[in-house]
Amino acid sequence: MKKTLLALGLSLSTVISSADDFNSAKTPQFEVPEIGSGVGFIDQQKEKMIGEKVFREVNHQFSTLQDPWLEDQFMLVFSRILSQTQLGQPIGLIVVKDPQINAFAVPGGLFALNSGMITSSKSMDEVAGVMAHEIAHVTQRHYSRSQEAFKGQGLLALAGVVVGAVLASKADGELGGAVMLGTQAALLDRQLSYSRNQEREADRIGMQFMYSSGYNPESMADFFETMNRATSRLSFMPDFWLTHPLTTERMSEARLRANQFPRVPSSSNNQQEFEIIKWYTSVISDQANEQELKILAQQKKYAGLLALSAFYLRQGDFVQAQQLLDQVKQINNEHNLVSLIQTDIYLGQNKIDNAYQFLINKQRTIPENRALAYKLAEIYIRQNRPKDAEKVVNRFIHKNNRDVSGWLLLQQAANLEKDNPMRTVNVLRNRAEAQYWSGDEENAIKSLLHAQRLAKGNNAMTAKVEARLKTMQDERKMKL
């Protein structure tokens with residue numbers, strides 16, 4: 001059975017409906033322990049390097065859902081919780097295409113969750129519970145404190161447990177332990193008790209983050225119980241990374257702690273939005289079948305109709321996809337996912353102008369929406385308007401240079417610039433970035449070496465290529 005990655009704390013959850021309008025109860029005063037910076041902990045720059053390295057490894061080892069709309073739904077939740085902390089800019093959030101229930105975090109601000117965790121959840125608050133628990137591990141620098149507990153062990157050796165878990169996830173559970181080196185395995189017994197304390201700390205602080213950002217802390221306790229019932233579905237993961245089986249004591253503590261918070265009201269609108277996210281995830285992760293989606297659609301469920309339309313779109317059946325989407329529009333035609341699916345139907349039918357006319361006003365209304373912007377860039381590329389595509393995408397790449405979807409669009413756009421003498425060099429540079437952040441470091445470096453040869457004679461371009469090449473080569477040397 002395929003196993004699933006889980007790093008730095010298990011935050012399995014069942015999603016609970018967010019309370020956007022929650023302001024009725026006075027927020028209790030909670031104290032989050034301050035983790036100082038002068039005690040020999042791993043400095044934040046090194047943690048960022050680890051996080052980026054694991055980001056690349058996870059993208060390389062796992063099938064991930066490169067869907068800007070879906071990624072950004074969870075980034076909104078993540079950012080809302082993160083606003084309750086003093087953490088800096090996160091590395092990112094990854095949705096792993098895996099039916100198992102799991103989620104993980106690593107130092108530097110990398111968070112990931114499996115598609116199976118989303119589809120097994122009941123509301124967005126449970127997803128928030130997962131994220132809050134993982135964010136608590138990061139704010140409390142548990143990884144750094146673990147290294148402090150094992151003086152003499154290298155930082156990268158400890159970080160290597162993450163990648164070991166990635167590799168173990170592709171193997172049978174009994175083989176997982178063989179992935180870790182002996183020195184790493186030897187740490188487990190020494191770390192076990194400390195890890196359990198960290199888990200309790202993450203439970204407690206995570207609930208505080210949840211409540212402060214308007215989510216229901218009871219959802220974390222709810223999911224612990226769900227997790228306990230679904231033990232047979234959980235993946236192998238070394239104790240060092242805090243993935244201990246739940247104990248009755250820990251579940252009881254979580255329930256008692258959650259009950260101390262004032263009740264957070266739920267919202268039917270937020271629940272419907274989560275149902276859309278949940279069923280859309282089930283479609284693009286290949287977890288949904290046509291029959292179950294038809295049952296939902298026959299009940300005139302908005303999320304079901306939308307998901308079935310997306311299902312037929314993925315099958316290339318544009319006629320049925322359009323028929324379902326027309327029913328969706330009669331209920332609500334303003335949802336961004338409706339705009340994205342309609343645009344894809346037009347593009348699939350090669351109706352490029354229809355796609356442009358349908359999307360352009362919506363995108364201009366909310367230019368900060370990455371999914372709509374990237375869909376517009378896709379249209380520009382199909383219209384042979386590379387400069388327009390680059391202008392749209394670069395706005396987001398400048399904020400997040402790890403955006404694989406953006407780099408792939410820039411690669412396509414650069415290839416259309418027939419009159420640019422640096423056309424091939426730019427294609428190679430953009431391809432290298434997409435390869436690099438997808439974890440294909442070796443081929444990314446090869447792409448830049450090729451670009452370096454072609455850029456000879458252009459001093460400015462050569463300097464850019466060589467600077468980026470050196471950075472990639474140096475970072476690649478960091479072995480986990």
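Q: What share of the 480 residues of the protein chain counts as buried?
A: In this predicted model, 56% of the 480 residues count as buried, the cut-off for that label being a relative accessible area under 20%.

Q: Why is the contact between D344 and K375 called a salt bridge?
A: The label requires a side-chain nitrogen of Lys or Arg within 4 Å of a carboxyl oxygen of Asp or Glu; the side chains of D344 and K375 meet with N to O at 2.8 Å, and therefore the pair satisfies the cut-off of 4 Å. Because D344 belongs to helix α15 (residues 336-348) and K375 to helix α17 (residues 370-382), the pair ties together parts that are 31 residues apart in sequence.

Q: What makes K375 count as buried or exposed?
A: K375 has a relative accessible area of 12%, and buried means under 20%, so K375 is buried.

Q: How do you know whether D344 is buried, partly exposed or exposed?
A: The relative accessible area of D344 is 22%, whereas buried means under 20% and exposed over 50%, so D344 falls in between and is partly exposed.

Q: Why is E433 called buried?
A: With a relative accessible area of 9%, E433 meets the requirement of under 20%, and therefore counts as buried. The side chain of E433 also meets that of R468 in a salt bridge at 2.6 Å, N to O, which links helix α20 (residues 423-437) with helix α22 (residues 459-476).

Q: Where do K470 and D474 lie?
A: Both are in helix α22, four residues apart, about one turn of the helix, and they form a salt bridge whose closest N and O atoms are 2.8 Å apart.

Key
Residues are numbered from 1 along each chain as its sequence is written. This is a predicted model: local features need pLDDT of at least 70, side-chain atom pairs count only at pLDDT 80 or more; totals for chains, interfaces and linings use all residues. Side-chain values use heavy atoms; hydrogens and water are left out. Buried means under 20% relative accessible area, exposed over 50%, partly exposed in between (1.4 Å probe, protein chains only). Helices (H or I, at least four residues) and strands (E, at least two) are DSSP runs, numbered from the N terminus.
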